[in-house]
There are 2 protein chains.
Amino acid sequence: MQKKGKDRYIQDLGEFALIERLAGVLGPAGQGAGQGVIRGIGDDAAVLQNSPGTRLLAACDLLIEGVHFDLNLTPPRQLGWKALAVNLSDIAAMGGRPRWALVSLGLKPGFTVGFVEEIYAGIAALAGMFGITVVGGDTCSSPACLVIDLCVLGEARRTEITYRSGAHAGDYLLVTGKIGAAAAGFAYLSAEGQQKIKPESAAELTWAQLQPQPRVKEAAVLVRSGLIGAMNDLSDGLASELHEIVQASGCGAQIRAERLPVSPVAVSLARQLGADPLHWALYGGEDYELLFTVPGGKGSPLQLRRLSRTLEKATGTPLSVIGRVLPPAAGVTMIDSSGATKPLSPHGYSHFEK
Amino acid sequence: MQKKGKDRYIQDLGEFALIERLAGVLGPAGQGAGQGVIRGIGDDAAVLQNSPGTRLLAACDLLIEGVHFDLNLTPPRQLGWKALAVNLSDIAAMGGRPRWALVSLGLKPGFTVGFVEEIYAGIAALAGMFGITVVGGDTCSSPACLVIDLCVLGEARRTEITYRSGAHAGDYLLVTGKIGAAAAGFAYLSAEGQQKIKPESAAELTWAQLQPQPRVKEAAVLVRSGLIGAMNDLSDGLASELHEIVQASGCGAQIRAERLPVSPVAVSLARQLGADPLHWALYGGEDYELLFTVPGGKGSPLQLRRLSRTLEKATGTPLSVIGRVLPPAAGVTMIDSSGATKPLSPHGYSHFEK
């Protein structure tokens with residue numbers, strides 16, 4: 001007997017009926033009336049209208065089962081959320097406002113309709129938070145692994161775009177929020193039940209790994225200050241992203257380990273597992289916080305205090321000054337807790353390598 | 001001993017070095033100075049500037065090994081070409097000018113650097129023909145199958161955008177070029193050597209299937225005439241695409257089998273294989289020709305002759321009038337070669353269905 005409703009297999013429903021159901025799951029996030037969407041899902045291409053005087057921003061991120069996620073650890077709703085979140089974070093890191101998304105999904109025939117709807121429910125939930133409209137995409141079958149590729153388009157005023165190359169010697173280096181929690185969350189989920197951990201800490205770690213909060217509102221507050229030089233998100237880890245800024249800007253940098261806002265739950269989990277929370281913070285990646293520079297100079301300490309207060313008031317997110325930008329000859333170093341200065345390698349995640 | 005140059009495996013090169021080599025393969029198609037590209041590859045998102053007064057168009061197409069292509073039949077260069085071509089065709093079908101592309105690639109670790117460079121060489125070749133710049137993307141490993149997802153952005157003046165919903169009863173139905181050759185090409189490649197076919201016909205069939213020519217220039221000439229109502233490309237086959245126009249426009253339609261510009265090489269191959277070339281033309285898909293409507297009325301025959309002449313002069317591509325748009329009650333029908341009127345089912349390719 002053929003199954004019904006959400007338990008039906010997608011191969012029993014077919015492509016066009018599935019797309020219709022998924023559009024239903026998106027609800028307002030698939031309509032976008034008045035949000036610059038002239039035509040969304042349902043023609044050869046989406047037709048969009050960016051705001052006058054803005055430049056366009058475009059980013060995409062391809063996630064493949066077995067490489068970027070494990071369906072045993074990642075519920076479909078969180079997968080949809082995260083696939084959108086990583087792209088919103090990229091637009092935020094440019095100082096932009098994300099507006100539209102295209103969703104490409106390669107689905108294994110054994111999936112149920114309910115499972116695919118959950119992926120879309122995750123996309124819809126996050127899209128709703130930031131006024132993003134899903135305006136198109138592609139849905140097809142994939143024999144061996146689930147594939148999800150999101151392309152996000154955004155816009156920004158010319159003067160507010162924050163490139164990697166905008167850092168100068170003397171600038172302060174700052175980071176939003178807490179770091180290391182996403183990597184700690186992965187360690188927690190990979191070995192769940194083997195640690196004694198408070199339920200609220202477990203929830204925090206799980207959220208950090210599976211349902212990250214892209215810093216879209218934070219980026220908007222920061223660029224409005226007019227103080228931001230270079231900016232990156234921490235998708236590949238603080239060390240790797242700092243190296244990218246340094247390389248693009250032609251400078252050096254020094255950070256202080258004791259200034260890094262390492263997540264307290266990560267510290268507590270690391271203690272139990274015999275892991276190094278600083279390693280998670282520097283190299284773990286997936287934190288989706290913002291790393292950026294603010295010019296140094298006479299009035300800077302006051303400006304930084306103001307910026308920090310403004311951001312925390314508007315978004316609840318704290319700011320930490322973690323170091324300074326230096327001339328290129330200084331390289332990239334970290335002063336560790338003993339006061340010793342050591343080179344900081346980029347050492348992020350690199351695909352293909354063994 | 002580790003292999004060198006193009007024979008190296010991508011896992012021996014690593015993600016960042018591979019991306020650098022691929023940017024090199026793109027050459028001018030990866031730079032785009034003066035082409036509305038403020039910042040291309042190399043930051044969190046691309047920064048683009050569309051022309052004043054234009055609307056944005058966005059489309060993406062996900063191609064997965066084993067579903068959309070077979071690496072035994074498709075050389076990597078043609079795969080890259082086709083992945084871009086199908087998206088350019090979508091932008092053309094909206095009456096737009098494609099400008100920028102983002103390339104997402106999921107690569108199996110056993111690929112050589114040379115193989116991946118060939119994919120990019122195919123993208124670069126077609127991009128160069130139409131002034132497209134590759135401005136970003138994502139490259140990662142994929143354990144089981146090659147994945148390629150292109151997102152193409154374009155622009156169009158508001159008055160020149162051609163929606164599916166723009167058809168009205170009384171309009172003429174037209175199609176560019178020849179149809180059925182892509183499906184014939186697939187049949188030819190799947191059973192190569194089993195047919196007796198002239199080398200130039202073999203080349204034509206192979207090109208139609210592996211290296212389709214998106215009708216970007218043709219679309220530009222057509223929309224400039226101000227005559228085009230609805231327009232679709234034939235990616236899913238003439239029957240399916242006609243149904244999409246009819247459904248979106250709330251009308252009916254009738255076509256004549258004898259008016260369909262079925263490719264002569266498809267007819268000749270079909271004769272040898274005992275296949276039906278009309279079936280390839282109606283349901284085979286992947287022809288990437290344009291199906292569109294032009295208003296009927298007193299001056300129409302003259303207008304159609306002029307449009308046809310203008311298009312052929314500018315692009316070398318012929319036009320065929322294949323039928324008329326009718327009131328909704330008429331449904332979608334075809335007059336076959338015996339003069340009998342029969343319903344025309346949509347019956348295109350649908351993913352997931354058995």
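A:Ala46 sits across from B:Ala58, a residue of strand E3 of chain B. That is a good place to start reading this predicted model, as the pairing belongs to a link between the two chains. Strand E2 of chain A, residues 46-48, and strand E3 of chain B, residues 54-64, run antiparallel to each other and are joined over three bridges.

**Where chain A touches chain B**

Let's widen the view to the whole contact between the chains. Chain A contributes 61 residues and chain B contributes 61 residues. On the chain A side, the most is given by strand E3 of chain A (residues 54-64), which supplies nine residues. Sorted by character, the chain A side holds 32 nonpolar, 16 polar and 13 charged residues.

**Two domains in chain A**

Within chain A, the domain assignment gives domain 1 as residues 5-160 and domain 2 as residues 164-343. Taken over C-alpha atoms, the centres of these two domains of chain A are separated by 27 Å. Where they meet, 17 residues of domain 1 of chain A are in contact with 18 residues of domain 2 of chain A. On the domain 1 side, the elements giving two or more residues are helix H3 (76-93) and strand E4 (97-107) of chain A. Of these, H3 of chain A provides the largest share, with ten residues. The domain 1 side of this contact divides into nine nonpolar, four polar and four charged residues.

**An enclosed strand**

Now have a look at strand E7 of chain A, residues 172-176. Five of its five residues are buried, so the strand is largely enclosed by the rest of the structure. Both of its faces are covered: A:Tyr172, A:Leu174 and A:Thr176 are buried on one side, and A:Leu173 and A:Val175 are buried on the other. E7 of chain A also has strand partners, and the table sets out two of them.

| Partner of E7(A) | Residues | Direction | Bridges | Facing residues |
|---|---|---|---|---|
| Strand E10(A) | 290-294 | antiparallel | four bridges | A:Tyr172 opposite A:Val294 |
| Strand E11(A) | 319-326 | antiparallel | five bridges | A:Val175 opposite A:Ser320 |

The facing residues come from both sides of the strand: A:Tyr172 is on one side of E7 of chain A and A:Val175 is on the other.

**A helix pair**

Two helices of chain A are also worth a visit. Helix H5 (residues 181-190) packs against helix H6 (residues 199-210) at an angle of about 110°, and their axes are 7 Å apart. Because of that angle, H5 of chain A is roughly perpendicular to H6 of chain A. From H5 of chain A, the contact is made by A:Ala181, A:Ala182, A:Ala184, A:Gly185, A:Phe186, A:Tyr188 and A:Leu189. H6 of chain A answers with A:Ala202, A:Glu204, A:Leu205, A:Thr206, A:Ala208 and A:Gln209. Together, the residues of this contact of H5 with H6 in chain A divide into nine nonpolar, three polar and one charged.

**One residue in chain B**

Finally, we can hop over to chain B, where B:Thr310 lies in helix H11 (residues 300-315). Is B:Thr310 buried, exposed or partly exposed? B:Thr310 has 15 other C-beta atoms within 10 Å, so it is partly exposed. In sequence, B:Thr310 and B:Lys198 are 112 residues apart, and in space they are 32 Å apart, C-alpha to C-alpha.

Terms used: Residues are numbered from 1 along each chain as its sequence is written. Chains are lettered from A and ligands numbered from 1 in the order in which they are written. This is a predicted model: local features need pLDDT of at least 70, side-chain atom pairs count only at pLDDT 80 or more; totals for chains, interfaces and linings use all residues. Two residues are in contact if their C-beta atoms, placed from the backbone, lie within 7 Å. Ala, Val, Leu, Ile, Met, Phe, Trp, Tyr, Cys and Pro count as nonpolar, Asp, Glu, Lys and Arg as charged, and the others, Gly among them, as polar. Two strands pair if DSSP finds at least two bridges between them. Domain bounds come from an automatic or database domain assignment. A residue is buried if 20 or more other C-beta atoms lie within 10 Å of its own, exposed if 12 or fewer, and partly exposed in between; C-beta atoms are placed from the backbone. Axes are lines fitted to C-alpha atoms, for helices over the stretch in contact, and angles run from 0 to 180 degrees between N-to-C directions. Angles under 35 degrees count as roughly parallel, over 145 as roughly antiparallel, 65 to 115 as roughly perpendicular and the rest as oblique.
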